[in-house]
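User: Please take a close look at one part of this model and describe how it sits within the rest of the fold. A connected account would be preferred to a list.

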Amino acid sequence: MIELVDYQFGPQARARLAEARDPGRAGAVAALETFYHALNRRDLDALSAVWSQDELAQLNNPVGGILRSGAAVTGLYRRIFAGDLRLTVTFADAVTYWWADAVVFAGRELGQYHDRDGATVPLTIRTSRVFGYDAGQWRQVHHHGSIDHPEELAAYQKAVRG
């Protein structure tokens with residue numbers, strides 16, 4: 001089944017780890033919302049809990065490049081959360097592709113961050129997040145994010161990398 005859903009998971013997203021154990025669609029959505037809760041609140045424990053720790057879990061994004069393994073993904077977010085960047089994003093406008101034990105959420109992250117001078121900088125990322133149900137919980141196994149505008153990409157990379 002394929003459907004268009006405007007999730008609007010952003011700064012107000014909730015931590016729903018217990019619900020992410022539900023093997024149905026509600027559990028997958030709970031895991032997705034928990035990820036955005038963790039990202040917006042810089043909660044590394046919650047973020048790690050919804051990312052697969054498999055060696056082949058993969059993140060492809062403009063800051064981390066291609067990373068493989070849950071440990072590498074956690075390491076990237078640990079560095080981002082420890083830095084000065086104050087990122088907020090909202091996941092919206094998503095086409096959702098459902099299977100019995102996997103789901104792809106493909107949409108947009110709309111947000112902002114504050115640069116080193118304190119200026120608010122808008123950010124738009126095309127994103128796909130793949131979750132699978134394994135060992136009693138929905139976990140993210142793949143993420144791909146892209147920034148369309150070269151100037152926006154360069155500014156974001158500079159802000160994250162310092």
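Is Ala 135 buried or exposed, and what is its relative accessible area? Please then describe the sheet around it and what packs against that sheet.

Analyst: The model is a predicted one. In it, Ala 135 is exposed, because its relative accessible area is 72%, over the 50% cut-off that applies to this class. The residue is located in the loop between β6 and β7. Although Ala 135 is not a glycine, its phi is positive, at about 55°. The loop belongs to the hairpin of β6 and β7, in which 2 residues stand between the strands.

The two strands joined by this hairpin pair in the antiparallel sense, over 9 bridges. Two of the facing pairs may be named: Val 130 has His 142 in β7 as its bridge partner, and Arg 126 stands opposite Ser 146 in β7.

Just after the hairpin loop comes Gln 137, which belongs to strand β7, residues 137–146. In contrast to the exposed Ala 135, Gln 137 counts as buried because its relative accessibility is 9%, under the 20% cut-off. Its side chain has two polar partners to report: the backbone oxygen of Ala 49, reached at 2.9 Å, and the side chain of Arg 139, with which it makes a polar contact at 3.4 Å. Leaving out residues up to four places away in sequence, Gln 137 touches Leu 17, Ala 20, Arg 21, Ala 49, Val 50 and Gly 132.

On its other side, β6 pairs with β5, again in the antiparallel sense, over 13 bridges. Within this pairing, Val 103 has Phe 131 in β6 as its bridge partner. The hairpin of β5 and β6 has 5 residues between the strands, and Gly 118 takes a positive phi there, near 90°.

These strands are part of an open sheet of 7 strands with mixed pairing, in the order β1-β4-β5-β6-β7-β2-β3. The edges are formed by β1 (2–5) and β3 (65–68), each of which pairs on one side only. From one strand to the next, the twist averages 20°.

Two helices can be placed against the sheet. Helix α1 lies across β1, β4, β5, β6 and β7, and runs at about 160° to β4. Helix α3 also packs on the sheet, where it touches β2 (58–61), β3 and β6; its direction makes about 40° with that of β2. Both helices therefore reach β6, given that contact here requires heavy atoms within 4.5 Å.

Helix α1 merits a fuller description. It has 17 residues and spans 24 Å from its first C-alpha to its last, close to the 24 Å expected at 1.5 Å a residue. The helix is mostly covered, with 14 of its 17 residues buried. Ala 30 lies in this helix and counts as buried because its relative accessibility is 0%. Not counting residues up to four places away in sequence, Ala 30 touches Arg 16, Glu 19 and Ala 20. Ala 20 is also among the residues that Gln 137 touches. The C-alpha atoms of Ala 30 and Ala 119 are separated by 33 Å, with their positions 89 residues apart along the chain.

After α1 comes Arg 42, with a positive phi near 55°. Like Ala 135, Arg 42 has this positive phi although it is not a glycine. Arg 42 is placed in the loop between α1 and α2. It is classed as partly exposed because its relative accessible area is 26%.

The interior remains to be described. In soluble globular proteins, nonpolar side chains tend to be buried together. The largest nonpolar core here has 43 residues, and those with the most contacts inside it are Tyr 7, Tyr 36, Tyr 77 and Phe 105. Two or more residues each are given to this core by α1 (25–41), α2 (44–49), α3 (70–82), β4 (88–98), β5 (102–114), β6 (120–134) and α4 (150–161). The largest share, 8 residues, comes from α1. Tyr 77, setting aside its neighbours within four places in sequence, is in contact with Phe 35, Leu 39, Leu 44, Leu 47, Trp 51, Leu 59 and Arg 129.

Definitions and conventions:
Residues numbered from 1 in each chain as written. Predicted model: local features only at pLDDT ≥ 70, side-chain atom pairs only at ≥ 80, totals over all residues. Heavy atoms only, no water. Core = buried A, V, L, I, M, F, W, Y, C linked by side-chain atoms within 4.5 Å. Buried < 20%, exposed > 50% of the residue type's maximum accessible area, 1.4 Å probe, protein only. Helix = DSSP H or I, 4+ residues; strand = E, 2+ residues; numbered from the N terminus. Expected span 1.5 Å × (residues − 1). Polar contact = N/O pair within 3.5 Å; in protein donor to acceptor, adjacent residues only side chain to side chain. Pairing = 2+ DSSP bridges. Axes fitted to C-alpha atoms, helices over the stretch in contact; angles between N-to-C directions.
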